Amino acid sequence: MGEALRTLLLLALGAGVLTTVGLGAGWWMETGRRLRRALKQSLGGPSDAEVMAVPQGRAAGMRFATGRVAVLWDKSAMGLVYDFVELDGAELIVDEVVVARVRRDEQRKQMDSIPKDAERVTLRLLFSDAQWPEFELDFWSPEIARTAAPGAAKEAVRFGRKWLSHVENVLKRTGGPLAMKPKSAQATAPARPPRERPPWEEDEDEAEAV
């Protein structure tokens, strides 16, 4: 009887440990946390502006101190890092219509009004890169709408307009011909396909500090 009770207690303890480990691993690998860790690692520190489309597994971030913009997809398994000089512009797309745009050496296309009931709000970043010329992610989508508060679509459009202002300021800081190359290309690898296992997934110690 005593031996059976000890066995049951050990089994219960083991099940509790496995449950705790499983919950911890699920928390650590949650898509939003993975994307934020990856942005920090790829930008060389916390981003000054970032956006995450968790249902899509996509994110984008900027860090002004390092002059970098990073884009991630496939839940951070894939991504690219650009220098600011390679950022060519951005577009805000509402229900498949470009409602606002900033481009290098072009006058900004201003948004006339903020839609209240948009079904999809998308940010498109444009780069001077033949292989990877653009990157899109949704601020608002039917998937996000299922769990969002009423009126959140309008706020998504406002957030998109704010991102266009970030891009516009970057373009002003890096004015000049697009042919100009950055002084150091160590953070610029858009011409190479992203690796399946990026370095930030291997450096658990640094990621834990996020």
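# Exercises on strands, a helix and an aromatic pair

Strand β3 (residues 68-73) pairs with β4 in the antiparallel sense, over six bridges. The model behind these exercises is predicted.

**Exercise 1.** Find the bridge partner of V69 in β4, then describe the hairpin of β3 and β4.

*Solution.* Start at V69. Its bridge partner in β4 is Y82. Next, go to the hairpin. Four residues lie between the two strands, and D74 takes a positive phi near 55 degrees.

**Exercise 2.** Are the two faces of β4 buried or exposed?

*Solution.* Begin with the general pattern. Side chains in a regular strand alternate between the two faces of the sheet. Now sort the residues of β4. M78, L80 and Y82 are on one side, while G79, V81 and D83 are on the other. Buried means under 20% relative accessible area. These residues are all buried, so both faces are covered. That makes six of the six residues of β4 (residues 78-83), so the strand is largely enclosed by the rest of the structure.

**Exercise 3.** Work out how β7 and β8 are joined and paired, and how far β8 is enclosed.

*Solution.* Take the connection. A hairpin of six residues leads from β7 to β8. Take the pairing. Strand β7 (residues 121-127) runs antiparallel to β8, with six bridges between them. In one of these, L125 has F135 in β8 as its partner. Now count buried residues. β8 (residues 134-140) has five of its seven residues buried, so it too is largely enclosed by the rest of the structure.

**Exercise 4.** Classify the aromatic pair of Y82 and F127, and state which strands it links.

*Solution.* The whole structure holds five aromatic pairs. In the pair of Y82 and F127, the ring centres are 3.9 Å apart and the planes differ by 10 degrees. Planes under 30 degrees apart count as stacked, so this pair is stacked. Y82 belongs to β4 and F127 to β7, so the pair ties together parts that are 45 residues apart in sequence. Check burial as well. Y82 has a relative accessible area of 1% and is buried. F127, at 6%, also counts as buried.

**Exercise 5.** Test the span of helix α2 (residues 31-43) against the value expected for its 13 residues.

*Solution.* At 1.5 Å a residue, the helix should span 18 Å. The end C-alpha atoms are 18 Å apart, which agrees. Now look at its ends. At the start, a side-chain oxygen of E30 comes within 3.1 Å of the backbone nitrogen of G32. Just after the helix, G44 has a positive phi of about 80 degrees. Buried residues of α2 include T31, G32 and L43.

Key: Residues numbered from 1 in each chain as written. Predicted model: local features only at pLDDT ≥ 70, side-chain atom pairs only at ≥ 80, totals over all residues. Heavy atoms only, no water. Buried < 20%, exposed > 50% of the residue type's maximum accessible area, 1.4 Å probe, protein only. Pairing = 2+ DSSP bridges. Expected span 1.5 Å × (residues − 1). Polar contact = N/O pair within 3.5 Å; in protein donor to acceptor, adjacent residues only side chain to side chain. Phe/Tyr/Trp six-rings, centres within 6.5 Å; stacked < 30°, edge-to-face > 60°.
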